[in-house]
Amino acid sequence: MPINAILTDIEGTTSAVSFVFDVLFPYAAAHLPDFVREHAGEAAVAGQLDAVRSESGEAQADVERCIAILLQWLAEDRKATPLKALQGMVWEQGYRAGQLKGHVYPDAVDALRRWKAEGFDLYVYSSGSIQAQKLIFGCSEAGDLTPLFSGYFDTTSGAKREAASYARIAEAIGLPAQRILFLSDVVQELDAAREAGLQTIGLAREGGVLEGHETVASFALIDPPRA
Ligand SMILES: CSCCC(=O)C(=O)COP(=O)(O)O
Ligand SMILES: [Mg+2]
């Protein structure tokens, strides 16, 4: 079945896991506490702190307690939407200051450019917030890659291991699910996407197989089904 659109994960797929774990997460851990203290009175941050209170079940948590909860979630790599939103805000400062540059594998850059030129519509689905997605591609080592993408999806569309999230995304894209190819390095995400009807290819950059899915080590080896 030919596809019209490609939906890609970021961490472990277009970009190195080590960039997220060794650069982005430590940057957030170092700067998030002061960022939250400085901006806690502003609506965008205050709203996320309310979401932290709600998701943690600690309705009375003050700003310092919210920071402690956020740092705990960060250490656990919990894909909590308020943490992800605040990380995006903190990383924005790092990218704007030139302290961060987004890592995107050269094979991913080449393939995304080629697929876009061929007429495929490209989308991103990551647990990182949409702001964080635009930053990693917009301030990447390969320059501004955001003109390649037609849309971005994050955990506000649902969790990445749930089929309903992919059904929601297909509806938002406006294509039948089977016309969308999803790329990821996590088998549970590929399983969920397939359950929703999307086509799937796994990325195993260190080699190996993502059980039940066609698996490649590089975007250079992906040949999207064409009409
Ligand atoms: C948008 S870059 C930061 C990635 C991130 O915060 C994360 O949790 C990775 O999630 P993914 O769904 O891309 O594996
Ligand atoms: Mg991933």
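Visitor: How do the residues of the shell around ligand 1 divide into nonpolar, polar and charged?
Guide: In this predicted model, they split into 5 nonpolar, 4 polar and 5 charged. Ala, Val, Leu, Ile, Met, Phe, Trp, Tyr, Cys and Pro count as nonpolar, Asp, Glu, Lys and Arg as charged, and the others, Gly among them, as polar.

Visitor: Which residues are closest to ligand 1?
Guide: Lys79, Lys84, Ser126, Ser127 and Lys160 are the closest of the 14 residues surrounding ligand 1; to be near, a residue needs a heavy atom within 4 Å.

Visitor: What does the side chain of Lys84 do with an oxygen atom of ligand 1?
Guide: An N or O atom in that Lys84 side chain sits 2.8 Å from the ligand 1 oxygen, a polar contact (a pair of N or O atoms within 3.5 Å).

Visitor: And how far is Asp9 from an oxygen atom of ligand 1?
Guide: A polar side-chain atom of Asp9 is 3.0 Å from one. Glu11 uses a backbone N or O atom instead, 3.0 Å from a ligand 1 oxygen.

Visitor: New topic: why does ligand 1 lie between two domains?
Guide: Because domain 1 (5–16 + 103–221) and domain 2 (20–97) both give residues to its shell; the bounds come from an automatic or database domain assignment.

Visitor: Any fine print?
Guide: Residues are numbered from 1 along each chain as written, with chains lettered from A and ligands numbered from 1 in written order. Local features need pLDDT of at least 70, side-chain atom pairs count only at 80 or more, totals for chains, interfaces and linings use all residues, and side-chain values use heavy atoms, leaving out hydrogens and water.

Conventions:
A polar contact is a pair of N or O atoms within 3.5 Å; within protein, one must be able to donate a hydrogen and the other to accept it, and residues adjacent in sequence count only if both atoms are side-chain atoms.
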